[in-house]
Amino acid sequence: QVQLVESGGGLVQAGGSLRLSCAASGRTFSRHAMGWFRQAPGREREFVAAVRWNGGRTYDADSVKGRFTISRDNAKNTVYLQMNSLKPEDTGVYYCAAGDLATQKSDDYDYWGQGTQVTVSS
């Protein structure tokens, strides 16, 4: 069992930066791939980024390439999402998730956090 708690969201102006953190409980964190997803009002949840269990490879959605970076620290049971050059369209609730594979499909993830709100003003 893995429990996930996101933090670091907030209100930022366009062009600004935020770093989201996702703290995990449980001994199996280092065995799981981790992903970040987001959901804007009235829209479906969408993939943002994912990282393999050992941090050796990462995957990003086209919409965030070159702006967002996912990373993890298994010693701290934490995964991060560094978000730079934020745009109003990045606004939404950001969720971290844990699963067996680092994929873009939300169904492949077994554990989810409660989410943290990110609002980017123009």
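This is a short talk on the strands, the core and a few charged residues of one predicted model.

Okay, hi everyone. Some ground rules to start. Residues are numbered from 1 along each chain as its sequence is written, and side-chain values use heavy atoms, with hydrogens and water left out. Because the model is predicted, local features need pLDDT of at least 70 and side-chain atom pairs count only at pLDDT 80 or more, while totals for chains, interfaces and linings use all residues.

Let's begin with strands. By strand I mean a DSSP run of E with at least two residues, numbered from the N terminus (helices are runs of H or I with at least four). Take β4, which covers residues 33–39. Six of its seven residues are buried, so β4 is largely enclosed by the rest of the structure. Buried, by the way, means under 20% relative accessible area; exposed is over 50%, and partly exposed is in between, using a 1.4 Å probe and protein chains only.

Which strands does β4 pair with, then? Two strands pair if DSSP finds at least two bridges between them. With β9, β4 makes seven bridges in the antiparallel sense, and Ala 33 stands opposite Gly 99 there. With β5, it has five bridges, again antiparallel, and Trp 36 has Ala 49 as its bridge partner. β4 and β5 also form a hairpin with six residues between them, and in that turn Gly 42 has a positive phi of about 75°.

Now over to β11, residues 116–121. What do its side chains do along the strand? They alternate: Thr 116, Val 118 and Val 120 point to one face and are buried, whereas Gln 117, Thr 119 and Ser 121 point to the other and are not. β11 pairs with β2 (residues 10–13) in the parallel sense over four bridges, with Gly 10 opposite Val 118. It also pairs with β9, antiparallel this time, over three bridges; Val 93 is matched with Gln 117.

Stay with Thr 116 for a second. Its relative accessible area is 11%, so it counts as buried. A polar atom of its side chain lies 3.2 Å from the backbone nitrogen of Gly 9. That is a polar contact, meaning a pair of N or O atoms within 3.5 Å; within protein, one must be able to donate a hydrogen and the other to accept it, and residues adjacent in sequence count only if both atoms are side-chain atoms.

Next, the core. In soluble globular proteins, nonpolar side chains tend to be buried together. A nonpolar core here is a set of buried Ala, Val, Leu, Ile, Met, Phe, Trp, Tyr and Cys residues joined through side-chain atoms within 4.5 Å. The largest one has 33 residues, and Trp 36, Leu 81, Met 83 and Tyr 94 have the most contacts inside it. Elements giving two or more residues to this core include β4, β9 and β11, but β5 gives the most, with five. If you click on Leu 81, you'll find that it touches Trp 36, Val 48, Ile 70 and Tyr 94, among others (contact means heavy atoms within 4.5 Å).

Right, charges. How many salt bridges does a search of the whole structure find? Three. A salt bridge is a side-chain nitrogen of Lys or Arg within 4 Å of a carboxyl oxygen of Asp or Glu. Arg 38 meets Glu 46 at 2.6 Å, N to O, and Asp 90 at 2.9 Å. That second pair links distant parts of the chain, 52 residues apart: Arg 38 is in β4, and Asp 90 is in the loop between β8 and β9. Then Arg 67 forms a salt bridge with Asp 90, at 2.7 Å. Shared partners join Arg 38, Glu 46, Arg 67 and Asp 90 into one network.

Buried or exposed, what about Asp 90? Buried, at 0% relative accessibility. Arg 38 is buried too, at 6%, while Glu 46 is partly exposed at 28%.

Last stop, Arg 72 in β7. It's buried yet has no salt bridge; the nearest side chain of opposite charge, Asp 73, is 8.2 Å away. For that count, Lys and Arg are positive, Asp and Glu are negative, and His and the chain ends are left out. What does the side chain of Arg 72 have instead? A polar atom of it lies 2.7 Å from the backbone oxygen of His 32, and a polar contact of 2.8 Å joins it to the side chain of Asn 74.

That's me done, thanks!

How values were computed: Lists of a residue's contacts leave out its neighbours within four places in sequence.
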